[in-house]
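Grab a pencil and work through these exercises one at a time. Try each task yourself before you read its solution.

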Amino acid sequence: MKRLTAQVADWLDNRTGFRSLRRHALDEPLPPGTGWWFTLGSLLLFGLTVQVVTGIALALFYAPTPDHAWQSVQYITTTVRGGSLLRGLHHWGASLVVIAAFLHLCRVVVFGSYRKPREINWIVGLVLLQIILAFGLTGYLLPWDQRAYWATVVAINISKLTPGIGDMVAAFLRGGPDIGALTLTRWYAAHVLVLPASIVVLVAGHLYLMRRHGISGPATPQPGRSEMFHPHQTARDLTVALVAGVLLAVLAWKGAPALEPPADPSSSDYVPRPDWYFFGLFQLLKYFPGRLEIIGALVIPGVVMTLLALLPWLDRGRTRLVKHRLSVLLPFAAGLAGLATLTVLGAMDKPPQTVGGAWNIRQIGGLASIQTEQRCVRCHRADGLAAPIEAGRISRPLDWLEMHVADPIVLAPGLRDAPQTNTGETRAILSALQRLRTSAPPHVDAETTHIYKLLSSNCLNCHTVDRVGGTEGPDLTAVGKKLDVSTIEQRIIDPTTVDPVAEMPPFGEKISPEDIKLLAAWLAKRK
Amino acid sequence: MGAGLASLVGLVASPRSAGPALRWRKAASVSDLPADAPFTAVLGERHQDGWMETRKQSVVFIEKDGDAYRALSATCSHLGCRVNWDAASSTYKCPCHGGVYDRRGNVVSGPPPAPLTKVNVRVNPQTSAIEVEL
């Protein structure tokens with residue numbers, strides 16, 4: 001058997017030369033002292049491999065059109081066996097790739113590995129970093145949710161700042177007059193065809209050049225014997241990949257990242273925030289007002305990348321030792337500290353406060369309306385005419401939901417009477433349905449839920465509470481500072497008794513006296 | 001042959017950037033407008049998006065300005081996010097990078113390089129509807 005295997009291997013080697021390829025790839029002597037710091041490139045390669053494999057699996061289900069993208073991602077998350085884990089792996093894998101690329105870059109700078117004769121490989125590595133960030137940017141448009149849409153709006157508007165050709169670049173990225181179907185298809189093509197092809201070619205080139213010049217090794221020559229890449233370094237590489245793989249699996253097992261509501265260009269409740277690795281740029285953009293915005297958006301990132309690219313020629317230290325290269329390493333450390341500060345500041349810029357986790361007052365009130373016997377649960381229940389309304393199971397597009405909530409007779413003739421029209425309540429129900437697409441409601445006690453229902457059905461159309469609601473009337477977030485409970489109660493019953501020119505309609509006949517008391521007491525506590 | 005292929009790909013990938021022509025569209029009724037705050041009008045219309053027909057939505061703030069009306073686009077002039085009216089400070093605020101505009105759309109603080117875009121507005125004498133040119 002052994003002899004037969006050897007004969008087959010000989011035959012294959014004769015035809016393909018695989019043994020010399022394996023020797024060339026693995027049997028390289030390493031400088032003494034090459035150790036764990038030199039596993040970061042392999043960690044990056046591992047992360048990229050995870051992205052390729054999970055990306056192919058996601059592509060089996062994903063539909064790159066605005067009317068199906070969001071639903072196909074939701075289908076992957078909620079219905080495909082292992083789909084949530086798959087999305088989780090791809091999501092956290094993207095973060096792993098960015099972290100590994102960044103650490104690898106830092107290691108190369110600190111060890112001075114970019115120096116002669118490795119200048120070209122350094123440049124190739126920097127281009128790879130740009131491609132990795134482009135993967136992140138194009139990737140998060142694909143779910144076609146709110147984050148996707150608004151991140152793309154910002155990215156395309158940044159590209160408009162390119163001197164001379166900004167409008168042309170933006171139009172090319174958009175594909176059509178507005179962000180829409182043509183944008184999604186070209187960003188999808190970039191994400192799954194153009195960028196992968198580019199990264200494969202560049203990674204191959206990077207590895208070829210790494211082998212051609214050998215691993216640079218420690219900055220300070222170490223005593224001792226050199227060891228072979230295989231099995232010593234491969235064992236370290238595999239260990240690091242294994243640890244990263246376990247960490248990825250644990251993170252992904254906890255669940256796929258929340259899919260936000262579908263892209264809605266008219267939304268005014270949504271507060272866009274980028275992925276964590278763009279927090280630095282996000283924060284930087286706030287500091288350059290007016291015509292100076294190009295400095296934050298393009299000049300500073302461009303200058304940083306140019307300086308990095310020129311490092312092999314700027315670094316004039318006698319040796320690779322840290323003490324001989326302080327003129328390069330100190331500015332690099334300052335840049336890192338700046339990036340870290342901007343990233344932390346960007347992360348601390350939290351979206352407006354919501355109650356009950358990600359659910360706001362309108363959404364909790366809307367859910368209470370959904371669960372009212374006369375409304376949705378009349379049909380939508382386990383033994384009813386329609387499926388129960390559950391978190392993660394809302395798949396109809398917003399247009400359809402609007403029609404259905406406003407007039408279900410059109411869509412389900414004969415099943416029920418026309419709803420009693422109340423714009424505030426309808427809006428709250430739609431808001432709750434949108435929220436239910438991605439997350440289960442928080443536990444809120446019965447009295448608070450009832451108050452939120454009263455607020456969302458009667459008040460939030462015109463007033464704002466906790467940054468949710470209309471702007472026609474005064475903000476009620478801290479109304480208790482100005483008005484006492486009896487004045488608030490009177491204003492709700494009939495505002496003209498307190499203010500003869502008040503435009504607010506009386507609610508004395510629309511809301512029961514007990515509910516008005518409850519509402520007034522709650523509002524009076526808002527200070 | 002390579003140049004030919006590259007030209008073909010370039011031709012196909014070059015975008016169609018001309019949007020639909022401007023026209024007057026109903027945004028609100030005179031009675032919709034509150035006395036002391038801008039009215040947020042969401043205008044939706046079917047439009048051709050590549051191979052599919054979809055609904056394009058635009059948001060405009062409309063407010064009485066003396067005897068006339070003022071309409072402002074709700075798109076931040078910085079990087080295109082949707083600004084919101086903040087009743088407490090009587091300003092428009094951008095939730096992305098912190099741009100602030102006064103009620104006439106002029107920049108108060110933050111990074112926006114220009115005021116909010118003014119949208120032409122008129123009252124249709126036949127219907128008393130407020131119309132904007134979008």
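**Exercise 1.** Find the element that holds A:Pro231, then check the peptide bond in front of this residue.

*Solution.* Start with the place: A:Pro231 sits in helix α10 (residues 229-253) of chain A. Here helices are DSSP runs of H or I with at least four residues, strands are runs of E with at least two, and both are numbered from the N terminus. Next, the bond: A:His230 and A:Pro231 are joined by a cis peptide bond, with omega about 15°. Now look at A:Lys116 and A:Pro117, where the bond is also cis, with omega near 10°. A:Pro117 lies in the loop between α5 (83-111) and α6 (119-139) of chain A. Why bother with these? Because most peptide bonds are trans.

A quick word on the ground rules. This is a predicted model, where local features need pLDDT of at least 70 and side-chain atom pairs count only at pLDDT 80 or more, while totals for chains, interfaces and linings use all residues. Residues are numbered from 1 along each chain as written, chains are lettered from A and ligands numbered from 1 in the order written, and side-chain values use heavy atoms, leaving out hydrogens and water.

**Exercise 2.** Is A:Trp144 buried or exposed?

*Solution.* First get the cut-offs: buried means under 20% relative accessible area, exposed over 50%, and partly exposed in between (1.4 Å probe, protein chains only). A:Trp144 has 8%, so A:Trp144 is buried. Then check its backbone: phi is positive, about 55°, although A:Trp144 is not a glycine. You'll find A:Trp144 in the loop between α6 and α7 (146-159) of chain A.

**Exercise 3.** Test whether the length of helix α20 (residues 513-524) of chain A fits its residue count.

*Solution.* The expected span is 1.5 Å times one less than the number of residues. With 12 residues, α20(A) should span 16 Å, and its end C-alpha atoms are 16 Å apart, so the two agree. Now look inward: the buried residues of α20(A) include A:Ile516, A:Leu519 and A:Trp522. In α20(A), the buried residues pack against α14 (361-370), α18 (446-459), β3 (464-465) and α19 (485-493) of chain A.

**Exercise 4.** How many residues of chain B are in contact with chain A?

*Solution.* Count contacts as heavy atoms within 4.5 Å. That gives 39 residues of chain B touching 41 residues of chain A. Finish with salt bridges (a side-chain nitrogen of Lys or Arg within 4 Å of a carboxyl oxygen of Asp or Glu): the count between chain B and chain A is 0.
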